[in-house]
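Student: Hey, can you walk me through this protein? I'm new to reading structures.

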Amino acid sequence: MILDKVEPHLKNLLQRNVRFRINNKTVREGRLMLYHIKDFYLSFTLRTEKHPSKVYEIPCPYEISSSGSTLYFHYENDIIYKKDHKTKLLINSLHKNVGKKSKFFDNTILIETENLV
């Protein structure tokens, strides 16, 4: 299960300054104090200069990878499609009917930190 793969990476991020980025834009940053996995969401408690405790919640990724000091949470639709054109058409048609597009839809979140082990 993907959550079993997430936990070892997140343990390495505790008490470190992290930056969450989507499309080369920083969406959250601060010191990672705590993380919590519940159902299909990951909650991160960050300490920033302005707020002693700020919670950032994201859906569980489809896949995880890491490279150097960066952790990648993959939300690309190709992972779900698995080259099945019927599934691709179904997801795209549902997406058009939903309305507002999620910032995670068909994207990758980068979690950057210094000295990621």
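Tutor: We'll go from the overall layout to the core, the pocket and a few single residues.

Student: Cool. Anything I should know before we start?

Tutor: This is a predicted model, where local features need pLDDT of at least 70, side-chain atom pairs count only at pLDDT 80 or more, and totals for chains, interfaces and linings use all residues. Residues are numbered from 1 along each chain as its sequence is written, and side-chain values use heavy atoms, with hydrogens and water left out.

Student: How many helices and strands are there in the protein?

Tutor: There are three helices and seven strands. These are DSSP runs numbered from the N terminus, helices being H or I with at least four residues and strands E with at least two. Starting at the N terminus, the order is α-β-β-β-β-β-β-α-α-β.

Student: And what does the C-alpha trace span?

Tutor: Along the principal axes, about 45 × 30 × 30 Å. Of the 117 residues, 32% are buried; that means under 20% relative accessible area, while exposed is over 50% and partly exposed is in between (1.4 Å probe, protein chains only).

Student: OK, the inside. Which residues have the most contacts in the largest nonpolar core?

Tutor: Those are Leu-10, Leu-42, Phe-44, Ile-58, Phe-73 and Ile-109, in a core of 22 residues. A nonpolar core here is a set of buried Ala, Val, Leu, Ile, Met, Phe, Trp, Tyr and Cys residues joined through side-chain atoms within 4.5 Å.

Student: Which element gives the largest share of this core?

Tutor: H1 does, with four residues. Elements that each supply at least two core residues include helix H1 (2-13), strand E3 (41-47) and strand E6 (70-74).

Student: What does Leu-10 touch, apart from its neighbours within four places in sequence?

Tutor: Leu-32, Tyr-35, Leu-42, Phe-44, Leu-71 and Phe-73. Contact means heavy atoms within 4.5 Å.

Student: Switching topic: which residues line the largest pocket?

Tutor: The lining is Asn-17, Val-18, Arg-19, Glu-29, Gly-30, Arg-31, Glu-112, Thr-113 and Glu-114. By class, five are charged, three polar and one nonpolar. Strands E1 (17-22), E2 (25-38) and E7 (108-113) each give at least two of the lining residues.

Student: Gly-30 is on that list. Where is Gly-30, and is it buried or exposed?

Tutor: Gly-30 sits in strand E2, and it counts as buried because its relative accessible area is 13%. Gly-30 and Val-18 are 12 residues apart in sequence but 5.6 Å apart in space, C-alpha to C-alpha. Beyond its neighbours within four places, Gly-30 also contacts others, including Leu-46 and Thr-48.

Student: What about Arg-28, how exposed is that one?

Tutor: Arg-28 has 32% relative accessibility, so it counts as partly exposed. Arg-28 is in strand E2 too, and among its contacts outside four places in sequence are Phe-20, Leu-46 and Tyr-56.

Student: Last thing: what's the phi of Asn-23?

Tutor: Phi is near 55° there, a positive value in a residue other than glycine. Asn-23 lies in the loop between E1 and E2, and it counts as exposed because its relative accessible area is 57%.

Student: And where is Asp-39?

Tutor: Asp-39 is in the loop between E2 and E3. It has a positive phi of about 55° although it is not a glycine, and its relative accessible area of 58% is why it is called exposed.

How values were computed:
1 Å grid on protein atoms, 1.4 Å probe; cavity = no way out; pocket = protein on both sides within 12 Å on 5 of 7 lines; lining within 4 Å. Nonpolar A, V, L, I, M, F, W, Y, C, P; charged D, E, K, R; others polar.
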